[in-house]
Amino acid sequence: MIFAGIDAGSRAIKVQLIDENNRTLASGLGEQGVKQADLATQLLEQTSAKIGINRDDITKVVATGYGRDSLEFVDTAITEITCHARGVIHQISEAKTIIDIGGQDSKLIRLEGQGVVQDFVMNERCAAGTGNFLEVVARQLEMDILDLGKYAEKADKPAVISSMCVVFAETEILGLLTSGESRENIIAGVQASIATRIASMGGRQIADPVIFTGGVALIPGMTSVLENTIGHSVVVAKDPQFTGAKGAAIMASELN
Amino acid sequence: MKTKNSCHPPESSFSAGGQAKESSPVEPIAWFQDMVPHALEYATEEKAKGKKIVGIMCEYTPRELIMAANAIPVCLCGGSAEMIPPAEVYLPSNLCPLIKSTFGYSIQKANPFLEMADFLVAETTCDGKKKMYELLAERHPMVVLELPQKPDDPDAFQHWIKEIAKLKSELETRFTVTITQESLRDAIRKMNRERELRRKLAELMKDEAPPLTGRELLDMKSLISCIPEDLDLFEKALEVLPGRTLDPPAESRIRVLLTGVPLPHGAEKVMNIIESNGGLVVCQENCTGLKPLLEDIREDTLNPLEALAEKYFHIPCSVMTTNARRLDTLRSLIRDYKPQCVIELVWHSCITYDVESYFVRKMAEEETGLSYLKIDTDYSPSDSARLAMRVQALFETVRGKR
């Protein structure tokens, strides 16, 4: 039997197909857009084609993520909090804290024993502590987002980015560039400001082990900044941007 | 989220075994859906007969004293998002929406109760309200009650009694009336009766299968207290509601205790999000819920003014320091109403409730083991999808723990 999880995020759509033993058979990644349902359907079909199956061969589908309720063809929708927790627990059963940083959301999930969600905190109406902040900076400094880490490593003194808002941070960064601040220090400063946001979400209640998920976990340098800021070692989940989709697929296999 | 404007004929089907669905409200519920027109009709008629109208903006303001001066207290708290942009011309945008909306109504001259008010009684509660009142006082005659904020300090209480006594004189001078012991006792009896009826209605939610939704209960009150028809309908509600079933059934929903800031008329966004995502608000510890109803005023006393001051001084608002009474209230409400989680609503920039949420979360999680979620928002619907996600995730968490 084959089960599917679709994570319709704010910036990207992720699909995971698994078998009844929770083994990943195929993954798909596509950009999010206006026609969310069409894009998700296409991605599911493309991913199915990779292993030579049709939609009809999929027993159950669970959707999660920002666009989960716009996908009518799925069996049920479950929030990304529950799906991320499920996805992480499958990989690292003793996980206690999950830090997920996505395109427009960041969240911190605390787990009780057996992967039960104890509570969660999310960023409020602002993208400052999210991947969007890094995208803006990469665009402004005209570099690839995946190269940011290489520069940040060379920073001698991370710049202080005080703006609470991505829009104003852009202006602040422009000011720093004009005043001759190095790109390395600016990037390190932005990464540190994201990590500080996450640390304030967690308060003093971060318990080990801490697992890092979401697309931002793929950006080199973020993990070490996060570790320094929260004072705990951080483990990046395997295929971190697929954690939600994997959790959704596992939950699909558990639907009766 | 628009409420119906037209008056609906009373439902006739509710008597058939009390099996009415949520979608077909029984008569008392339908009556309160037109609360604003009813209150306006009442205020207009009474004003024509010579009664005075006094605008109030806080549950600390003793309605009984105003009623004893043969005047009608009307709640002016703004719940409309549309009134915020005009208010932001004068007030900072980083201010609580309730304060901005209340002021915006004055700028737009859009609140008929405010326009017909003879004067306003304001109070020194939070800084935002206190300073907004200074702007509002340029536009409307106003008296300000100074609320002391150390609830267990006897000197603070003595000061509060003096403030109440000054309000009494102010009412007597402005309206050339005498507030007698008897008129005050009469007003106290009336308000005690209303509080008792509303308390009993709220207590229906203790049932394993509550017969009404939190939203329906929230709507069953008025900007004006003690309107005779309202009291009759509270009594009727207590007769007809028990045994009513909800659709989807109450048993399938997650029981929620909602605490924090009030939900003035028009600002029911968070209540609606909770109840349309599988929740049922069984208890509201806030000023539009049980908070002002939990304590009555002693009737067997030689000093009704002091008894009145005492009841109001006990309201556990987050402006008080320390506000241990709120935590005690929450503990007993959690015991009685058996919620499965606690949701705290904080209007954006409401500093006192936001800071105090630290203690509420700690109490909920550590003492009662209940999941806790804080929602920080304003009147705009723009974050509804994000809030719904948090609420859904909270309910999934609660179900996961069971």
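**Core packing, domain contacts and helix pairs in chains A and B**

Leaving aside residues up to four places away in sequence, Cys341(B) is in contact with Ile254(B), Val256(B), Leu370(B), Ser371(B), Tyr372(B), Leu373(B), Leu394(B) and Val398(B). The model described here is a predicted one. Cys341(B) is also one of the residues that touch the most other members of the largest nonpolar core, which comprises 165 residues. Leu226(A), Leu65(B), Val74(B), Val256(B), Leu257(B) and Ile343(B) are listed with Cys341(B) in this respect. Val256(B) thus appears both in that list and among the contacts of Cys341(B). The element that gives the most to this core is helix α6 of chain A, spanning residues 183-202, with 9 residues. Apart from the largest core lies another core of 28 residues, including Ala4(A), Val15(A), Leu17(A) and Val61(A). In soluble globular proteins, nonpolar side chains tend to be buried together.

The domain assignment of chain A gives two parts. Domain 1 of chain A consists of residues 1-92 and 241-256, and domain 2 of chain A of residues 95-236. The centres of the two domains of chain A, taken over C-alpha atoms, are separated by 26 Å. To their contact, domain 1 of chain A contributes 14 residues and domain 2 of chain A contributes 21 residues. On the side belonging to domain 1 of chain A, the largest share comes from helix α2 of chain A (residues 80-91), which supplies 7 residues. The composition of this side is 6 nonpolar, 6 polar and 2 charged residues.

Helix α2 of chain A also packs against helix α8 of chain A, residues 243-253; the two axes come within 7 Å and cross at roughly 90°. An angle of 65 to 115 degrees counts as roughly perpendicular, and α2(A) and α8(A) are therefore roughly perpendicular to each other. From α2(A), the contact is made by Glu80(A), Cys83(A), His84(A), Ala85(A), Arg86(A), Gly87(A), Val88(A) and His90(A). The residues of α8(A) in this contact are Thr243(A), Gly244(A), Lys246(A), Gly247(A), Ala248(A), Ile250(A) and Met251(A). By class, the contact of α2(A) with α8(A) holds 6 nonpolar, 6 polar and 3 charged residues.

A second helix pair of chain A involves α6(A). Helix α3 of chain A (residues 131-140) and α6(A) pack with their axes 10 Å apart, at an angle of about 170°. Angles over 145 degrees count as roughly antiparallel, and α3(A) and α6(A) are therefore roughly antiparallel to each other. Phe133(A), Leu134(A) and Val137(A) of α3(A) meet Ile187(A), Val190(A) and Ile194(A) of α6(A) in this contact. The residues of the contact of α3(A) with α6(A) comprise 6 nonpolar, no polar and no charged.

Chain B is assigned a domain 1 of residues 35-181 and a domain 2 of residues 184-401. Over C-alpha atoms, the centres of these two domains of chain B lie 22 Å apart. Their contact takes 45 residues from domain 1 of chain B and 42 residues from domain 2 of chain B. On the side of domain 1 of chain B, two or more residues each are given by α2 (35-48), α3 (63-68), β2 (71-75), α5 (97-108) and α8 (154-175) of chain B. This side of domain 1 of chain B divides into 30 nonpolar, 10 polar and 5 charged residues.

Within chain B, Tyr133(B) is located in helix α7, residues 127-136. Tyr133(B) counts as buried because 21 C-beta neighbours lie inside 10 Å. Not counting residues up to four places away in sequence, Tyr133(B) touches Ala122(B), Met142(B) and Val144(B). The C-alpha atoms of Tyr133(B) and Met57(B), 76 residues apart in sequence, are 10.0 Å apart in space.

The contact between the two chains takes 12 residues from chain B and 11 residues from chain A. On the chain B side, β8 (371-377) and α16 (384-401) of chain B each supply at least two residues. Helix α16(B) provides the largest share of this side, 8 residues. By class, the side of chain B that touches chain A has 3 nonpolar, 4 polar and 5 charged residues. Helix α16 of chain B contains Ala385(B), which counts as exposed because it has 12 C-beta neighbours inside 10 Å. Ala385(B) and Ile273(B) are 112 residues apart along the chain, and their C-alpha atoms are separated by 8.9 Å.

How values were computed:
Residues are numbered from 1 along each chain as its sequence is written. Chains are lettered from A and ligands numbered from 1 in the order in which they are written. This is a predicted model: local features need pLDDT of at least 70, side-chain atom pairs count only at pLDDT 80 or more; totals for chains, interfaces and linings use all residues. A nonpolar core is a set of buried Ala, Val, Leu, Ile, Met, Phe, Trp, Tyr and Cys residues joined through C-beta atoms within 7 Å. A residue is buried if 20 or more other C-beta atoms lie within 10 Å of its own, exposed if 12 or fewer, and partly exposed in between; C-beta atoms are placed from the backbone. Helices (H or I, at least four residues) and strands (E, at least two) are DSSP runs, numbered from the N terminus. Two residues are in contact if their C-beta atoms, placed from the backbone, lie within 7 Å. Domain bounds come from an automatic or database domain assignment. Ala, Val, Leu, Ile, Met, Phe, Trp, Tyr, Cys and Pro count as nonpolar, Asp, Glu, Lys and Arg as charged, and the others, Gly among them, as polar. Axes are lines fitted to C-alpha atoms, for helices over the stretch in contact, and angles run from 0 to 180 degrees between N-to-C directions. Angles under 35 degrees count as roughly parallel, over 145 as roughly antiparallel, 65 to 115 as roughly perpendicular and the rest as oblique.
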